Amino acid sequence: MIVFTIFAIINTFVVKHYILTVLDALAFFIFLATFLNLRKTCDIEKATYIGAIFLSFFMYLYAFFNQNNDFGLIWSISIPILAISILGHKKGLILSIIYYFLLFFILLYGVYFWEDPNWNMAALLRLMIASTVLVVTLFVTEYSLYNMHVKMKTLSDTDALTKLYNRRKIDEIIRVEYENFQRYDMELSLCILDIDNFKEVNDTYGHTKGDMVLKELANILRSNTRKTDKIGRWGGEEFIIIMPHTRIFNAVETIKKMREKIKSYEFKGVGQITCSFGVTFADDKNKSIEKIFIDADNKLYQAKRDGKDKIVS
């Protein structure tokens, strides 16, 4: 809005190009409306699309009406900067390619019909090459930042040893699922499991073998749950399984099969191990998440007290 206000003043009092003044005024009000909508909705992607499309439209009109006379082609870089930096590398690249494709057609028209000795095919090619370098550089930079963000997000959400969700991420997931239970009455079951006599595994075979057991157990849990289930390492040798859209009966049946899979599996260098399970579900909207965890934990320790290798629900 500030830039178009400055352009409107220059085009009115200095250049005296009143068609461009009208375009500047129109652009000002379009971006004012976009800005007010952004303040209200906080939809940055929508605002970026509107801004990029209308900015492109005005750039085409400026190029057509003003030709190359006092026309700052440097402003053509504003679209890829806006699009790629805010919309991301994929959407921004597509929008930038479409923008330059149409702009170059207008500028190619100018090579043959503008009466400007400084604007020729060589000038157009230089602009095309410089624009391509700009778009590629922005794309690679944004793509690298995106990959870095994904890796950092993965590191912050997963347990380094088992590659399952860590406790922080599990806390985040369970709160989302619990809100779905409260708002939409979606069934929600929860299981906490613990490896029986895991200290003996470490004392007998060493911590390296103990880590291998944790990794292999994580793989068993992954391969015997649904994609919608969320599995995490709760701490030490304890694991947690969040089962949305699952009634307690179905959750127990799933855990029974998992218990048999674990019991029959030969862990490398260790042999067979067993686990104890505490299974509970959300049945009261007035019950806090913490009480659901405590309920599952109590059932787990009851399974331990009852002789281990048990499921208590």
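**Exercise 1. Which residues of the largest nonpolar core touch the most other members, and which helices supply it?**

Solution. Start with the membership: the largest nonpolar core has 29 residues, and Phe4, Phe58, Tyr99, Leu103, Leu107 and Trp119 touch the most other members. A nonpolar core here is a set of buried Ala, Val, Leu, Ile, Met, Phe, Trp, Tyr and Cys residues joined through side-chain atoms within 4.5 Å. Next, the suppliers: helices H2 (18-41), H3 (44-66), H4 (78-87), H5 and H6 (121-157) each give at least two residues to this core. Helices (H or I, at least four residues) and strands (E, at least two) are DSSP runs, numbered from the N terminus. Finally, a second, separate core of 27 residues includes Leu214, Ile255, Val270 and Cys275.

A word on the input: this is a predicted model, where local features need pLDDT of at least 70 and side-chain atom pairs count only at pLDDT 80 or more, while totals for chains, interfaces and linings use all residues. Residues are numbered from 1 along each chain as its sequence is written, and side-chain values use heavy atoms, with hydrogens and water left out.

**Exercise 2. Work out whether Leu103 is buried or exposed, and what Leu103 touches.**

Solution. First place the residue: Leu103 is in helix H5 (residues 89-113). Its relative accessibility is 0%, so Leu103 counts as buried (buried means under 20% relative accessible area, exposed over 50%, partly exposed in between, with a 1.4 Å probe and protein chains only). Now the contacts (heavy atoms within 4.5 Å): leaving out residues up to four places away in sequence, Leu103 touches Tyr60, Ala63 and Ser76. Ser76 is 27 residues from Leu103 in sequence, yet their C-alpha atoms are 8.8 Å apart.

**Exercise 3. Classify the ring pair Phe101 and Phe105.**

Solution. The structure holds 16 aromatic pairs. For this one, the ring centres are 5.0 Å apart and the planes stand at 75°, so the pair is edge-to-face. The rule: rings of Phe, Tyr and Trp (its six-membered ring) pair if their centres lie within 6.5 Å, with planes under 30 degrees apart stacked, over 60 edge-to-face and the rest tilted. Why do the two come about one helical turn apart? Because Phe101 and Phe105 are four residues apart in helix H5. Check accessibility too: Phe101 is exposed at 53%, whereas Phe105 is partly exposed at 48%.

**Exercise 4. Find which residues ring pairs link into a cluster, and what Phe58 touches.**

Solution. Ring pairs join Phe4, Phe31, Phe57 and Phe58 in one cluster. Beyond four places in sequence, Phe58 touches Phe4, Leu23, Leu26, Ala27 and Ile30. Leu23, Ala27, Ile30 and Phe31 are among the buried residues of H2. The cover over the buried residues of H2 includes helix H1 (2-13) and H3.

**Exercise 5. Show how the buried residues of helix H10 are arranged.**

Solution. List them: Ala251, Val252, Ile255, Met258, Arg259 and Ile262. Looking down the axis of H10, they fall within an arc of 125°, so they line one face of the helix; the arc is that of the directions from the helix axis to the C-beta atoms. On the other side, Phe249, Lys257 and Ser264 are exposed. As for cover, strand S1 (188-195), helix H9 (207-223) and strand S3 (238-244) are included.
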